[in-house]
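Trainee: Could you take me closely through one part of this model, the strand pairing, and follow it wherever it leads?

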Amino acid sequence: MRTGRSSEISGVELGWHATSEDALLEQLRGRYDPDTTLAAGRSCPFCGSGEHGQPWARVGEVNPSVSLTRAGPHQLVAIGPPGWRIGVDLEEIAAFASWWDDVLVLHPHERAPDAPTRARVWTAKEALLKALGVGLGDPRQPMRALRLADWGEALHVIPAPPGYHATLAVLPPDR
């Protein structure tokens with residue numbers, strides 16, 4: 001069941017949901033004709049599991065780009081045009097007050113002195129890794145290698161519930 005606002009940024013529809021395994025299908029049902037055949041799931045590129053990994057969707061014969069994230073009771077679903085690469089991440093800001101590793105996360109030219117900045121950096125990098133199809137299988141090198149200044153036009157801060165930070169990464173087919 002949808003629990004909040006829905007919006008669109010750079011051709012990507014965003015929808016807030018209560019944490020649910022069916023949130024992606026719920027949002028697809030709300031977007032397409034009821035007679036359209038819909039399917040959605042996950043696929044892990046490392047082990048082949050459908051229990052975790054990158055989300056996928058099929059709408060009739062079309063595969064829209066999709067991403068999802070959850071933190072606490074909140075889930076954010078993103079649906080974009082076929083061929084685009086998108087990623088979305090949501091994190092609780094307070095989690096970054098006690099845990100952080102500059103060497104793991106930050107490019108040598110980046111700084112993140114406080115929890116809100118750390119949440120902003122983390123969500124941006126995780127959203128980018130999802131859009132690039134890498135994810136967080138082994139975040140040490142990919143996350144540190146990303147310099148956010150190189151991706152500014154692809155990153156969009158999403159208004160999130162109080163105490164949370166969300167970022168959407170949008171890479172059109174030509175990027």
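Mentor: Happy to! Let's settle one term first: two strands pair if DSSP finds at least two bridges between them. Please also keep in mind that this is a predicted model. The protein averages a pLDDT of 88, and 93% of the residues score at least 70. Confidence varies by element, though: strand β1 (residues 2-9) has the lowest mean pLDDT, 57, and β9 the highest, 97.

A good place to start is β6, residues 74-80. On one pairing, strand β2 (residues 12-18) runs antiparallel to β6, and 6 bridges join the two. On another, β5 also runs antiparallel to β6, this time with 7 bridges. Val-77 of β6 takes part in both pairings: Gly-15 stands opposite Val-77, and Val-77 is also the bridge partner of Leu-68. Strand β6 is mostly covered, with 6 of its 7 residues buried. Now follow the chain between β5 and β6. These two strands form a hairpin with 2 residues between them, and Gly-72 in the turn has a positive phi of about 55°.

Next, look at β3 and β4. Strand β3 (residues 38-43) pairs with β4 in the antiparallel sense over 6 bridges, and Arg-42 has Pro-55 in β4 as its bridge partner. In a regular strand, side chains alternate between the two faces of the sheet. You can see that pattern along β4: Pro-55, Ala-57 and Val-59 point to one face and are buried, whereas Gln-54, Trp-56 and Arg-58 point to the other and are not. Take Gln-54 as an example. Its relative accessible area is 42%, so Gln-54 counts as partly exposed, a class that lies between the cut-offs of 20% and 50%.

Gln-54 leads us to the largest pocket, which holds about 460 Å³ of space. Of the 24 residues that line this pocket, Arg-42, Gly-53, Gln-54, Lys-130 and Gly-135 are the closest to its centre. Two of these come from far-apart stretches of sequence: Gln-54 and Lys-130 are separated by 76 residues along the chain, yet their C-alpha atoms are 7.8 Å apart. Several elements supply at least two lining residues each, namely β4 (54-59), β5 (65-71), β7 (85-92) and α4. Among the contributors, β5 gives the most, 5 residues. In the lining you will find 10 nonpolar, 8 polar and 6 charged residues.

From α4 we can step across to the largest nonpolar core. This core has 23 residues, and those with the most contacts inside it are Trp-100, Val-105, Val-121, Leu-128, Trp-151 and Leu-155. At least two of its residues come from each of α3 (102-105), α4 (115-131) and β9 (164-171). The largest share, 9 residues, comes from α4. Apart from this core lies another, of 14 residues, including Ile-158, Tyr-164, Ala-166 and Val-170.

Let's finish with Val-105, which sits in helix α3. Its relative accessible area is 0%, so Val-105 is buried. For a sense of distance, compare Val-105 with Cys-44: these residues are 61 apart along the chain, and 23 Å separates their C-alpha atoms.

Methods:
Residues are numbered from 1 along each chain as its sequence is written. This is a predicted model: local features need pLDDT of at least 70, side-chain atom pairs count only at pLDDT 80 or more; totals for chains, interfaces and linings use all residues. Side-chain values use heavy atoms; hydrogens and water are left out. A nonpolar core is a set of buried Ala, Val, Leu, Ile, Met, Phe, Trp, Tyr and Cys residues joined through side-chain atoms within 4.5 Å. Buried means under 20% relative accessible area, exposed over 50%, partly exposed in between (1.4 Å probe, protein chains only). Helices (H or I, at least four residues) and strands (E, at least two) are DSSP runs, numbered from the N terminus. On a 1 Å grid over the protein atoms alone, a cavity is a set of points where a 1.4 Å probe fits but cannot get out, and a pocket is an open set with protein on both sides within 12 Å along at least five of seven lines; lining residues have an atom within 4 Å of a point. Grid points are joined across faces, edges and corners, and a volume is the space filled by probe spheres set on the points. Ala, Val, Leu, Ile, Met, Phe, Trp, Tyr, Cys and Pro count as nonpolar, Asp, Glu, Lys and Arg as charged, and the others, Gly among them, as polar. pLDDT is the predictor's confidence in each residue, from 0 to 100.
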